[in-house]
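Subject: Structure handover

Hello,

Please find the structure below, with the notes I took while going through it.

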Amino acid sequence: MTTRTDTAPRATLRGGLPDRYLTPEDIAEMFEVPLETVYQWRRKRTGPPGFRIGKYVRYDPEDVRAFIAQRKSACQGAA
C-alpha cells in the first residue's frame, strides 16, 4: 500500500506527479488556486477531468499531465 508523503504538491508536480489518484485539494495546491476554483472547473468542464469514486472526486495524474500540456500549447499558440 502506498503511503502519502508530506512533500509540497507543487514540488511533486515539477518532479513528476505522484503514483496515486489526486484529490481536489491536491489540484488546488498544485495550481495555487482556491479549492472552489477546482470545483468550478469541474462544473464547467474547463479543468482537468475528474471522476467519482463513491462520493469522492479524484483526478488521474495522466489526465492532469494532459491538461497541463494542452494548456501550455494553447498559450504558446496564442503568443
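Glu32 sits in the loop that runs between α2 and α3. Its backbone is the reason to start there: Glu32 has a positive phi of about 55 degrees although it is not a glycine. Most residues other than glycine have a negative phi. With a relative accessibility of 62%, Glu32 counts as exposed.

Arg45 also has a positive phi, about 60 degrees, and is not a glycine either. Arg45 belongs to the loop between α3 and β1 (50-53). The relative accessible area of Arg45 is 78%, so this residue is exposed, the cut-off being over 50%.

Please keep in mind that this is a predicted model. The average pLDDT of the chain is 85, and 78% of the residues score at least 70. Confidence is lowest in helix α1 (residues 9-15), with a mean of 54, and highest in helix α3 (residues 35-44), at 97.

On the interior: the largest nonpolar core has 9 residues, namely Leu17, Leu22, Ile27, Ala28, Met30, Val38, Val57, Tyr59 and Val64. Two elements, α2 (24-31) and β2 (56-59), give two or more residues to this core. The largest share, 3 residues, comes from α2. Leaving aside residues up to four places away in sequence, Val64 touches Leu17, Leu22, Ile27, Phe31, Pro48 and Tyr59.

On the aromatic residues: a search of the whole structure finds 4 aromatic pairs. One of them joins Tyr21 and Phe51 edge-to-face, at 5.1 Å centre to centre and with 80 degrees between the planes. Tyr21 lies in the loop between α1 and α2 and Phe51 in strand β1, so this pair ties together parts that are 30 residues apart in sequence. Both rings belong to partly exposed residues: Tyr21 has a relative accessible area of 45%, and Phe51 has 26%.

Phe31 and Trp41 make another edge-to-face pair, with 5.9 Å between the centres and 75 degrees between the planes. Because Phe31 is in helix α2 and Trp41 in helix α3, the pair ties together parts 10 residues apart in sequence. Phe31 is partly exposed, at a relative accessible area of 23%. Ring pairs also bring in Phe67, linking Phe31, Trp41 and Phe67 into a cluster.

Regards

Key. Residues are numbered from 1 along each chain as its sequence is written. This is a predicted model: local features need pLDDT of at least 70, side-chain atom pairs count only at pLDDT 80 or more; totals for chains, interfaces and linings use all residues. Side-chain values use heavy atoms; hydrogens and water are left out. A nonpolar core is a set of buried Ala, Val, Leu, Ile, Met, Phe, Trp, Tyr and Cys residues joined through side-chain atoms within 4.5 Å. Buried means under 20% relative accessible area, exposed over 50%, partly exposed in between (1.4 Å probe, protein chains only). Helices (H or I, at least four residues) and strands (E, at least two) are DSSP runs, numbered from the N terminus. Contact means heavy atoms within 4.5 Å. pLDDT is the predictor's confidence in each residue, from 0 to 100. Rings of Phe, Tyr and Trp (its six-membered ring) pair if their centres lie within 6.5 Å; planes under 30 degrees apart count as stacked, over 60 as edge-to-face and the rest as tilted.
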